[in-house]
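Student: Hi! I would like a close look at one part of this model, and I would be glad if you could walk me through it slowly.

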Amino acid sequence: MKVNIKTFGISRDILGGREVTLVVEGSSVGDLRKTLSTQFPALDKLNSLFIAVNQNYAGDEVTLSETDEIALIPPVSGG
Amino acid sequence: MIEITDKPIDVLKVIEAASLHEAGAINTFIGTVRNQTSGKTVLRLEFEAYEPMAVSEIKKIADHANETWNLLGYAVSHRIGILLPGDIAVVIAVSTPHRKASFEACQFIIDNLKQTVPIWKREFFEDGDQWVSAHP
């Protein structure tokens, strides 16, 4: 499936854009993780990487649909 | 009140937003930009946020604090954009009937904000820059 991904912080530098379209084999957050890891190995070097679906942290088991708002959440550092 | 803003934070406005006449204590945390990290001079910081999610995650933390300490009022304001050493990055104010709860709730909110709220900080030095906490 095709997904649009919003990127923030260092993940924007790694993916090279504020919004990136990816073709994922499968339809879960875990499948998206595998695709990201293969295409952008630099993501694996981060302290953590969470994925948000419709503005909520989502576990690997969550199923994605093409209309979901998907975002990469690298280690946060607010405050 | 919860806000993400690219303008300087008005501390009094944040305190007023958290204040109620029933309160005996208003505890305020002000987070500022340090001029150095591990001995390296910081020239400026750049903050960015995933704004709608940052607001909803702050709301979750405040709701959690409210369950534990029964807050009378609270307000959180976080700045984004370019900040210089000494600038205010975040202000949190909570009001409670008595002081102990206000200290604890305020600390709980800032500690959790740093863990879960999607806001990122990039430090700029004389010889480069880095996203804070990104790498081990």
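Student: Let us take chain A: what percentage of its 79 residues count as buried?

Tutor: Happy to help! Please keep in mind that this is a predicted model. In chain A, 33% of the 79 residues count as buried.

Let us start with the outline. Chain A contains 2 helices and 5 strands. Read from the N terminus, its elements follow the pattern β-α-β-α-β-β-β. The radius of gyration of chain A is 11 Å, close to the 12 Å that the globule rule gives for 79 residues, so chain A is as compact as a globular protein of that length. Along the principal axes, the C-alpha atoms of chain A fill a box of roughly 30 × 25 × 20 Å. We can also ask how far along the sequence its contacts reach. Take the contacts in chain A between residues at least 6 apart in sequence: 52% of them join residues at least 24 apart.

Now for the sheet. In chain A, 5 strands form an open sheet in the order β2-β1-β5-β3-β4, with mixed pairing. At the edges are β2 (19–23) and β4 (56–58) of chain A, each of which pairs on one side only. On average, neighbouring strands of this sheet are turned by 40° against each other, direction ignored. As background, strands of a sheet pair through backbone hydrogen bonds, either parallel or antiparallel. You can look at one pair for yourself: strand β1 (residues 2–6) and strand β5 (residues 70–73) of chain A run parallel and are joined by 2 bridges. In β5(A), the residue opposite A:Lys6 is A:Ala71.

Next, find helix α2 (residues 29–39) of chain A. This helix lies across β1, β2, β3 (50–53) and β4 of chain A, and runs at about 130° to β3(A).

Then follow the chain to the loop between β3 and β4 of chain A, where you will find A:Asn54. Phi of A:Asn54 is near 50°, a positive value in a residue other than glycine. A:Asn54 is partly exposed, because 14 other C-beta atoms lie within 10 Å, and a residue counts as buried at 20 or more and as exposed at 12 or fewer. Chain B offers a companion case in B:Ser38, which has a positive phi of about 45° although it is not a glycine. B:Ser38 sits in the loop between β3 (36–37) and β4 (40–41) of chain B. With 4 other C-beta atoms within 10 Å, B:Ser38 is exposed.

Finally, let us see what chain A touches. The contact takes 16 residues from chain A and 24 residues from chain B. On the side of chain B that touches chain A, α2 (51–69), β8 (88–96), α3 (99–116) and β9 (119–125) of chain B each supply at least two residues. α3(B) gives the most to that side, with 4 residues. By class, the side of chain B that touches chain A has 15 nonpolar, 6 polar and 3 charged residues.

One more stop is the nonpolar core. In soluble globular proteins, nonpolar side chains tend to be buried together. The largest nonpolar core here has 55 residues, and those with the most contacts inside it are B:Ala93, B:Val94 and B:Ile109. α2(B) provides the largest share of this core, 7 residues. Leaving aside neighbours within four places in sequence, the residues in contact with B:Ile109 include B:Ile61, B:Ala62 and B:Val94.

Technical notes. Residues numbered from 1 in each chain as written. Chains lettered and ligands numbered in written order. Predicted model: local features only at pLDDT ≥ 70, side-chain atom pairs only at ≥ 80, totals over all residues. Contact = placed C-beta atoms within 7 Å. Nonpolar A, V, L, I, M, F, W, Y, C, P; charged D, E, K, R; others polar. Rg over C-alpha atoms; globule rule 2.2 N^0.38 Å. Core = buried A, V, L, I, M, F, W, Y, C linked by C-beta atoms within 7 Å. Pairing = 2+ DSSP bridges. Axes fitted to C-alpha atoms, helices over the stretch in contact; angles between N-to-C directions.
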